[in-house]
Amino acid sequence: MRSALVISVASGLFLAIAALNGAIGPGSFGAPGGAQAAETAQKPAAKPVAAKPGDPAAVDYLRAQWNPIHFKPAIDKATDADCLGCHQEIGKAKPRDASPAGVKAADTQAWYQTLDTYEGAQADFHWRHISSPFAKQVMNLSCTFCHQGNDPREESPHVTATDGKGAIQTAWERNEPPFTLRKMVNPSETCLRCHGAFPATSMGLEGKWHELREGMESPDAPNGCLTCHADQFRLVRHQVNYLRPDAIEKLAAAGSSDTCFGCHGGRAWYRISYPYPRHDWKDMPTEIPDWAKDRPKQSDARFLTKTK
Amino acid sequence: MANTVDKAKIKEAAQAKKRETYVPVVPDMQLGFIHNNVDCIGCRACEIACKDKNGLPPGPRFRRVQYVEGGTYPEVYAYKINMSCNHCAEPACLPTCPTGAIFKRQKDGIVDIDSTLCIGCRRCEAACPFGAPQYNPELNIVQKCNMCVDEIDAGRKPYCVMGCMMRVLDIGPIDKLRDGTHETKARAPHESIVRQVKNMADPELTNPSIVFVAHSKGRVK
């Protein structure tokens, strides 16, 4: 009885929604909707709108949501300037001076403000990751590094960001979806690279890094990571186009372990670690530890540097 | 009331602990959600009940029903996924908050945000793998589902659950929901429970307190 009711009501709603999509949905704006959208997402019929700096208000919001630039394959060729042509507010966002209850931002301290690698007041997330002095020094992130598409209707890669047959188009080597439910990015392929746990046990050490480091750092050698990773374990590291490996090495050698710790366990929002590729290095042990088994030997193809 | 001396001490303490990760609250009992993806008809009564309860303007949605449709004729499918804040065991949002506005309750594990303390830095929004924190552009603050703590404390269920006409959304102790021992209309005796559905962010990231009765096309292999 319940099943019959569910099927009946669901069918009715399905038809009603389908009708609405046709009548007042995105289709009426001359842009794809429903299954049509999936097809168009695969084969963009129109050229992505050119960026119109200073003129985002001139673009119809609902219509712009369905612009092919938000779907694959066009998004893979989108530049930051293309994105910021409409999304200018990203560059203008900043925290409030005080909370509604009167807590002043200047009287609080964000985690990143405690690190040697950051100076200044609290700032917006995008600015800190792309435009802050330290970010510019060590990273080369672009909008599409994290943002691999969107689904304006359901925030689900199932629906319109697919190839029309249900298969998800992804740029991630691990065949992860381009973004996840309700989230504009796939955190397992983006945030986790720098905000995952970094168990010291993987390095054969007992304890937590913030405790262990005290025995490895001194005023003469302020970066405890390099105690082992300067010569003894001289890994092939950071050879990806979204990082600046030379600058990282230089800063790590000259500065504190915060340079390393910033991405390797220092701000571990998540319980797990990112399975970084393990490039072969000189004198690499032949035995692979359990935690490193099944890891790739090189980075995602789109992140490889030209020199490789 | 903290004076300026206390604030200086707080900053000093924060500086000393700069490299430490936080220690998650281990609640006496963790409440969580269950949603039946198959029987949900997508009426969005839960969404509306939530918006009504929380006085939300157009835009922010603490709860979101997603219509997942796909396939090619004759093998087509449609089902719904319904998520709000998942009140994670180890919430990523909590340690990101610079003002201490986000907290996890000891007694039931509910993760709440006191938005009056929020300065709108949006770090929680960025850190949450499930898109739960909702930015309110009018106020420049972030708000989110708190499982209707006032209702919970009054011995009732959240508005979204009470508004569900199909009884496909419910709450309960998450460990009992996971092992199927919690009495709920959202799950039939023959239906199995999963903690992740297709395209949901990896639950290993934060251990979210939610389970689903998944559609056959929404199962994760």
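The exchange below concerns the contact between two chains and the nonpolar core of a predicted model.

Residues are numbered from 1 along each chain as its sequence is written, and chains are lettered from A in the order in which they are written. In this predicted model local features need pLDDT of at least 70, side-chain atom pairs count only at pLDDT 80 or more, and totals for chains, interfaces and linings use all residues, while side-chain values use heavy atoms, without hydrogens and water.

Colleague: How many residues of chain B are in contact with chain A?

Modeller: Contact here means heavy atoms within 4.5 Å. By that rule 59 residues of chain A are met from the side of chain B, and the number in chain B is 70.

Colleague: Which element gives the most to the side of chain B that touches chain A?

Modeller: That side divides into 34 nonpolar, 17 polar and 19 charged residues. Helices (H or I, at least four residues) and strands (E, at least two) are DSSP runs, numbered from the N terminus. With eight residues, the element that gives the most is β2(B).

Colleague: Which residue of chain A meets the side chain of B:Glu69 in a salt bridge?

Modeller: A salt bridge is a side-chain nitrogen of Lys or Arg within 4 Å of a carboxyl oxygen of Asp or Glu, and the rule finds six across the interface of chain B and chain A. In the one formed by B:Glu69, at 3.1 Å from N to O, the partner is A:Arg153.

Colleague: Which strand supplies the largest share of the largest nonpolar core?

Modeller: Such a core joins buried (under 20% relative accessible area, 1.4 Å probe, protein chains only) Ala, Val, Leu, Ile, Met, Phe, Trp, Tyr and Cys residues through side-chain atoms within 4.5 Å. Among the 49 residues of the largest one, A:Tyr270, B:Phe33, B:Ile81 and B:Met200 touch the most other members. The largest share, four residues, comes from β3(B).

Terms used: Buried < 20%, exposed > 50% of the residue type's maximum accessible area, 1.4 Å probe, protein only. Nonpolar A, V, L, I, M, F, W, Y, C, P; charged D, E, K, R; others polar.
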